[in-house]
Number of protein chains: 2
Amino acid sequence: MEENNVITIYKNKAIVNFEGRDFLGQIGIDSRIFNALQGAGVSVGVISQQAIENGISVLVDEYQAETAVESLRKEFEKELKSGIVSQIYSIDNLAVIGLVTDNFQKILSELQKNKIFPLLLNQVASAGRVNLVVSDNQLDKVKNIVETEIFGKVKTVHLVLVGHGNVGSTLIEQILDSSYDIQNRKRINLKIIAIANSKNIVFNKGGFGSDWRQKVLFGSSENTLQDLFQFVKENQFENLVLVDNTASKDFVKNYPTFVENGFDIVSSNKIFNTLPIQEYRNLRKTLDKNKKRYLYETNVGAGLPLIDTIKLLHLSGENITRIKGVFSGSLSYIFNNFSVRDEKFSTIVKEAMDKGFTEPDPREDLSGNDVARKLLILARELDLINEFSDINIQNLIPENLGGIAKDEFISRLEELDAEYQFIKESQEPNHVLRYVGDLHGDLSQDKGILDVKLVSVPASSALGQLKGSDSIFEIYTESYGENPIVIMGAGAGAKVTARGVFGDILRLC
Amino acid sequence: MEENNVITIYKNKAIVNFEGRDFLGQIGIDSRIFNALQGAGVSVGVISQQAIENGISVLVDEYQAETAVESLRKEFEKELKSGIVSQIYSIDNLAVIGLVTDNFQKILSELQKNKIFPLLLNQVASAGRVNLVVSDNQLDKVKNIVETEIFGKVKTVHLVLVGHGNVGSTLIEQILDSSYDIQNRKRINLKIIAIANSKNIVFNKGGFGSDWRQKVLFGSSENTLQDLFQFVKENQFENLVLVDNTASKDFVKNYPTFVENGFDIVSSNKIFNTLPIQEYRNLRKTLDKNKKRYLYETNVGAGLPLIDTIKLLHLSGENITRIKGVFSGSLSYIFNNFSVRDEKFSTIVKEAMDKGFTEPDPREDLSGNDVARKLLILARELDLINEFSDINIQNLIPENLGGIAKDEFISRLEELDAEYQFIKESQEPNHVLRYVGDLHGDLSQDKGILDVKLVSVPASSALGQLKGSDSIFEIYTESYGENPIVIMGAGAGAKVTARGVFGDILRLC
């Protein structure tokens, strides 16, 4: 007799709650309640009575809520006075959504992810019949989610992109290029509803298209984060994802607020994961509490499946005993070339700058801080509680060149040549230089040993074989013994980083 | 007023269902129902009425069920005759579990995974109060699951291990060794409740310990799969996992039956994934329908994170354009050594046999079938619908040595020497031989090109650098261009394979 896949909606409803203890379930109480309501001419909908806990809720039309409460208060006047019935009251502005589904749990899970907790839900599971009672002002959002699940409607994921520099703009182009394919293959509509930079946030309710640059450029209004949260709330957007492609130290402080406002987070920004361990852990707790996820595969090795692999190995009880490798594309290029070519160190560094492998100020690479951050992020995946200050970093820039202006540094690059020529020539035969991150020590303890340093390795070793600007990661584990798992490939670049961020976004869908 | 974390259980309950349409919610119907029940002296518990669908269910003590049904049939005699009320009946042998939880969805999900669908569930979500009505004979199982979720009780996972050869017995030892740690770190108790070989299945309700070999050896009773399903049902075991460490062609036919009986599957056995595509897809449908998972990371590259990586890349919309590599530990060893050492081919093959790298009959490796199976499994991860017969396999054994007995083959191994010596010497300078699997062609079509063959590659290439018995996988994708993702390491051996299987088991927990 049931019609499948029909969603019925009743608006302008109210719940009347009747609370007491130790007497519900007694013979006669139910009929007193319903007789009182009948006497007052109140029509009753969903009824939910708890067998063991002590309450009964009935659904009525909003215009009858007051009558219903009054009639019950009159009927139970004595019990209210004596305290056996603790309170009788109504909650207004409600809507009921009735549906038939064989995957109630999925719907419930999607609702929870979107921070919707029905006031009352009521299911006869064997028949797949479900009633949800929600606030009127959540109705559109709930309807969208339910329709997506029941009718296989295309699921819309709403993206807020922060940062539209090299990686950010490449990502936007990749998303716009693939959106048709993804909608067809996975029935997911990726909609970019906001693009932000350090100065402004530009909204677009309908989703940005190929003219996004102009719209961002001419987005005149000055919007704040509060405006953003207001914007997504007003429009009842579901499936919210914050994508951070900045390197901002300040912006990451907003992550917990985004999570509390219903956002999952995808980030290529390494900063948050290198904050003091307390903040690192607090965000994880906030995520757990809000059932949100935070993905950052591109923090280390760009799109290489590194974080995920280490996470899975660790989770699966494999004891990881050491992680070692070349984590930086620019330093990979510099030492792969300097080791085998008969050129001055400064010449190779300038070459790397010209090819766009380094940051504008190459000292950001040569300081070792970027490699150190990546090493720390990997260590923390193993539940180690190391801090950034625990890392032994070999800074490749002598102190006297550290504090000067960028242009002066570049003009004095040749001052580095003698030292690195000496290091190169002091190696054993058939050895090459590599700038490595190395996590070792007894990793079953609270903290590991984190070294970031220039080393000389046999040219025939896996590290020694590294070419171009590739990254390499050697993961040593108990079962693999001396034979590490090796993951290698392009570990930097806007294209592979953006693709990695894109992958994380799709993992959330 | 509520006590948190208390589970209350009422047994010997019945549900009385009252079904009709188009009149429920009318004023007066509810009070007629409850007056009739009151008049018959029936005490009513959980009430679930559907606002939009057409039914009302009330919970009563089992001994009053008949009275309740009769009193309602009498009250609604006229409506039953006219068909407005379609039926009134009771379901007996029920139990109610009442609990307070803030993670109802998790409990519901765990119940569904264990194939428990409450007859009636009833929640006031805002208060976290939940009542579940289930069959009396599911009560223990439900209680275990609910306690695990609410009290953080240790979760017991029940393992049925099929095959206790090299990998199987190593796995049992690894599980027994780690069980204390895993219980402490993850609050998971891995209990091996059955161990099977081709002849028998031995049960152990309390879980096998370090004396498992004796118990399996002296397990005299002849048990069948039906006995196994009966055994897990009688004992109401939740969280069931089948672990297949055989290479049996026959046993895999039972996978769908296991899934239908509530098992997840972990398998190092490659056979199922190389069956005709229709069977391959049917199992996936059965898994979806039963919300079960099937993990087989060790099918390719033993414990290397390969299947998972390819799955994630593909899922995340990255276009994989080619997968190429050395997939076999034994053939890796043979050609890594033959290429650079001045020895006869037969000498190297015998060496590989002595070191235990090959199957007892080395033709199983040299035929290329094992590499072909792995290549097919990877292709199917990309949604390609290739069949085993589509693979171009270069069999390293000449036809006249293919059909003879194993011992004769080994005694005539030297007949291979001339051919492989010629192949080796015909290479360009600084090249080495590798036996590779290669998936290429336009992988956006239905089928790819699958080649399994001996090739000559530059000694300086990634493939050419391979050492020992390591496997290497090069994954070419759109974003990475000419620069593949490389995953390398021990791709065979009982220890790393068992650890990979163990990882899959823990992924399910």
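Q: Which residues are buried in helix 11 of chain A?
A: The model is predicted: local features need pLDDT of at least 70, side-chain atom pairs count only at pLDDT 80 or more, and totals for chains, interfaces and linings use all residues, while side-chain values rest on heavy atoms, without hydrogens or water. Helices (H or I, at least four residues) and strands (E, at least two) are DSSP runs numbered from the N terminus, and buried stands for under 20% relative accessible area, exposed for over 50% and partly exposed for in between, with a 1.4 Å probe and protein chains only. Helix 11 of chain A covers residues 307–315 and is mostly covered. The buried residues are A:Ile307, A:Asp308, A:Thr309, A:Ile310, A:Leu312, A:Leu313 and A:His314.

Q: Which residue just after helix 11 of chain A takes a positive phi?
A: Residues are numbered from 1 along each chain as its sequence is written, and chains are lettered from A and ligands numbered from 1 in the order in which they are written. Past the end of helix 11 of chain A, the backbone takes a phi of about 85° at A:Gly317.

Q: Which residues have the most contacts inside the largest nonpolar core?
A: A nonpolar core is a set of buried Ala, Val, Leu, Ile, Met, Phe, Trp, Tyr and Cys residues joined through side-chain atoms within 4.5 Å. The largest one has 164 residues. A second, separate core of 40 residues includes A:Val58, B:Val58, B:Leu72 and B:Ile88. Inside the largest core, the residues with the most contacts are A:Phe335 and B:Phe335.

Q: What does B:Phe335 touch, not counting residues up to four places away in sequence?
A: Contact here means heavy atoms within 4.5 Å. With the sequence neighbours set aside, B:Phe335 touches B:Phe345, B:Leu396, B:Leu433, B:Arg434, B:Tyr435 and B:Leu454.

Q: Is A:Asn239 buried or exposed?
A: A:Asn239 sits in the loop between helix 8 (225–234) and strand 10 (240–244) of chain A, and has a positive phi of about 50° although it is not a glycine. Its contacts beyond four places in sequence are A:Glu110, A:Asn114, A:Lys155, A:Thr156, A:Val157 and A:His158. The side chain of A:Asn239 also reaches the backbone oxygen of A:Thr156 at 3.0 Å. Because its relative accessible area is 16%, A:Asn239 is buried.

Q: Where does A:Asn93 lie in chain A?
A: Most residues other than glycine have a negative phi. A:Asn93 is not a glycine, yet its phi is positive, about 55°. With a relative accessible area of 48%, A:Asn93 is partly exposed. Its place in chain A, at residues 85–100, is strand 4.

Q: About how much area do domain 1 of chain A and domain 2 of chain A bury between them?
A: The bounds, from an automatic or database domain assignment, give domain 1 (8–150), domain 2 (155–301 + 500–508) and domain 3 (307–491) in chain A. The C-alpha centres of domains 1 and 2 of chain A lie 37 Å apart, and the contact takes 13 residues from domain 1 and eleven residues from domain 2. Buried area is the accessible area (1.4 Å probe) that two parts lose on being put together, summed over both. For domains 1 and 2 of chain A, with 42% of it on carbon and sulfur atoms, that is about 950 Å².

Q: Which residue forms a salt bridge with A:Lys155?
A: A salt bridge is a side-chain nitrogen of Lys or Arg within 4 Å of a carboxyl oxygen of Asp or Glu. The count between domain 1 and domain 2 of chain A is one. With the closest N and O atoms 4.0 Å apart, the partner of A:Lys155 is A:Glu110.

Q: With which side chain does B:Asn273 make a polar contact, besides that of B:Arg284?
A: B:Asn273 lies in the loop between strand 11 (263–267) and helix 10 (277–290) of chain B, and is buried, with a relative accessible area of 0%. A polar contact is a pair of N or O atoms within 3.5 Å; within protein, one must be able to donate a hydrogen and the other to accept it, and residues adjacent in sequence count only if both atoms are side-chain atoms. One such contact, of 3.0 Å, joins the side chains of B:Asn273 and B:Arg284. Another, also given as 3.0 Å, is with the side chain of B:Asn299.
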